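User: I am new to reading protein models and would like a friendly tour. Could you show me how to read a few features, one at a time?

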Amino acid sequence: KHWANNNQEHNRGSVSANVDERTEHEIYYPAFKKAVDAGVGSVMCGYNRINDTYACENYQTITVDLKQGMGFQGFVMSDWGGTHSTIKAANNGLDMQMPDDTYFGEALLQAVNSGAVSMNRLDDMLVRILTSVIAVGVYDNPPNGSIDANVTSEAHNILTRRISEQSTVLLKNSPALLPLRENIRKIAVIGDAASLKPIVAPPNVVPPYIVTPLQGISSRAPSWMSITYTPTGQLENAIAAAKEADIAIVFVGEISNEGEDRANLSLGTTQDELVQGVANAQPNTVVVVHSTGAVLMPWVSSIPSILAVFLPGQEGGHSIASILFGDVNPSAKLPLTFPMTDIQVPANTPQQYPGINGDTDYSEKLLVGYRWYDATGQEPLFPFGHGLSYTTFKYNDDMQAVSSGSTVTINGTVTNTGEVAGAEVVQLYISFPSYAGEPPKVLRGFSKLFIFPGLTESYSFILSSMIDLSIWDIGTSSWKPITGQFSALIGSSSKNILKKATFTI
């Protein structure tokens, strides 16, 4: 979910996402296509309108694009309260209304009896629903427990910690304050997000317990290290604590709620002043950012080391401590771009967001995310795919791209040239021939390599001309393979391209 083009919470129940066909298929549909190919049983349509028609009664997106175009065999259900009609919704592809039967109860029965909705369409709805639930064993093994039962286990708790560790992005580490050195004697932990108001999950998620960053650090720190704590609202005390410590770790963050978008990307004056004040007092300052997305960092030049932990979950305190103390080497990469300012983004006009008179125009078309920064030549705060490590990697000169018929194989090797084991996410971008009208480069694959010091590991990507080297042709409403000379670009982020090879299709 949510199908489709559902990219804002503001006015989500009525806004029309006005998107051209090519952009839909190349930008917003591929993730759903992967899910369909993997055998997903149900897709939920969103609240928004798409080109002026509600998503849950949109024949083009549900029936033509999803069911016919992608071969989706499962059922489409509405988001809660996202159904707006009976006949139109049923005939255009909606299979299940949720959470009640206002439109698909007695009203649907009458529509079928009158012939407004065919019996064939009703049969199709039932087959899709029953086939999907039978496939996952609902009838063979009906649920018999309590929905209120706590089914978590210690294995689950360990898994949440490991996921959090592997999701932490080291944004900056120069000069390298991390991992924390053993000669540190006093750590000043600062900020509400460290203890008083830990940011570990969305507001409507209530974990069975929370390990705060302060608890995690205190539990992991060796006996000779002392820990002090100062909340966000005590700037002078925080500055004093930072001065007295060997190192300060400031925790900041923001949270967002369903049904509304963040007003801006700022952490707020209070948190920004806290970071800058501490940094002015203590040059050895680490900032840990909790967030649901990108945030602005007006203090970035004053801070040597920055971690982005996003929403780290109930074991977040332990996972953050593992990263800080070097028990775990960070290896995650940013799945989005962090801009310099609120307006250094592709959708930077009111017509694009939040929309005017109920319409948002996706006029940036294919230039979404890193593609826009590449096309406009702008340097973001931190680029898509960025993420550092406690070790160093060398991308070797053996990278090559070999085309054979309708496939292309790109391979090469990476060496860990540092002193600790670590993982590197090798990213493959493709530059199309100019006539194809694509962005300067597009991500076509990534591979995470765990490499011990001094050793070398290989990466390999196989691309299909029909899938990876095609564009959506609006004239035929189908994928069109592109011929000509391509460039395969290997890098550690969208802005840090390290190796290049050309190939011809």
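User: Let's begin with contacts. Apart from its neighbours within four places in sequence, which residues is P231 in contact with?

Analyst: Contacts outside the immediate sequence neighbourhood are a good place to begin. This is a predicted model, and in it P231 is in contact with G191, D192 and L196 once the neighbours within four places are left aside. Take L196: it is 35 residues from P231 in sequence, while their C-alpha atoms are 7.3 Å apart in space.

User: Where is P231, and is it buried or exposed?

Analyst: P231 sits in the loop between strand 8 (226–230) and helix 9 (235–244). Its relative accessibility is 15%, so P231 counts as buried; the cut-off for that word is under 20%.

User: Can we try the same reading on T23? Where does T23 lie, and what does its side chain join?

Analyst: Place first, then partners. T23 lies in helix 1 (residues 21–28). A polar contact of 2.6 Å links its side chain with that of D20. Setting aside neighbours within four places in sequence, T23 also touches Y28, K365 and L366. T23 counts as buried because its relative accessibility is 1%.

User: Next, sheets. What is the order of the strands in the open sheet of four strands?

Analyst: For a sheet, look at the order of the strands and then at the edges. Here the order is 4-3-1-12, and the pairing is mixed. Strand 4 (53–54) and strand 12 (359–361) each have a single partner strand, so one side of each has no neighbour in the sheet.

User: How do strand 1 and strand 3 run, and how many bridges join them?

Analyst: Strand 1 (residues 16–18) and strand 3 (residues 49–50) run parallel, joined by two bridges. To find one by eye, start at S16, whose bridge partner in strand 3 is R49.

User: Now salt bridges. How many does the structure hold?

Analyst: The structure holds 21 salt bridges. One of the pairs is E9 with R12, at 3.0 Å from N to O, and both of these residues are buried.

User: Which residue meets K67 in a salt bridge?

Analyst: The partner of K67 is D95, with N and O 2.9 Å apart. This pair links distant parts of the chain: K67 is in helix 3 (residues 59–69), and D95 is in the loop between helix 4 (87–91) and helix 5 (106–114), 28 residues apart. With a relative accessible area of 7%, K67 is buried, and D95 is buried at 3%.

User: What other salt bridge does D95 form, and what does it tie together?

Analyst: R121 forms a salt bridge with D95, the closest N and O atoms being 2.8 Å apart. Because R121 lies in helix 6 and D95 in the loop between helix 4 and helix 5, the pair ties together parts that are 26 residues apart in sequence. Both R121 and D95 are buried. Following shared partners, you reach one network of K67, D95, R121, D124 and R128.

User: Let's go to the surface. Which residues make the nonpolar surface patch of about 570 Å²?

Analyst: The patch is made by L126, L130, I134, V136, V138 and Y139. Pick out Y139, in the loop between helix 6 (119–135) and helix 7 (154–166). With 53% relative accessibility, Y139 counts as exposed; that word applies over 50%.

User: Finally, how do I read backbone angles?

Analyst: Most residues other than glycine have a negative phi, and most peptide bonds are trans. Look for the cases that depart from this. A cis peptide bond joins L178 and P179, with omega about -5°; P179 is in the loop between strand 6 (169–173) and strand 7 (186–190). Another cis bond joins Y353 and P354, with omega about 5°, and P354 is in the loop between helix 11 (316–324) and strand 12.

User: Which phi values are positive at N5 and N51, and how covered are these residues?

Analyst: N5, in the segment before strand 1, has a positive phi of about 55°. N5 counts as buried, at 4% relative accessibility. For N51, in the loop between strand 3 and strand 4, phi is near 50°. N51 counts as partly exposed, at 38%.

Technical notes. Residues numbered from 1 in each chain as written. Predicted model: local features only at pLDDT ≥ 70, side-chain atom pairs only at ≥ 80, totals over all residues. Heavy atoms only, no water. Buried < 20%, exposed > 50% of the residue type's maximum accessible area, 1.4 Å probe, protein only. Polar contact = N/O pair within 3.5 Å; in protein donor to acceptor, adjacent residues only side chain to side chain. Contact = heavy atoms within 4.5 Å. Pairing = 2+ DSSP bridges. Patch = residues over 30% accessible without salt bridge, like charges linked within 9 Å, V, L, I, M, F, W, Y side chains within 5 Å. Areas by Shrake-Rupley, 256 points an atom, 1.4 Å probe, with all protein chains shown as cover. Salt bridge = Lys/Arg side-chain N within 4 Å of Asp/Glu carboxyl O.
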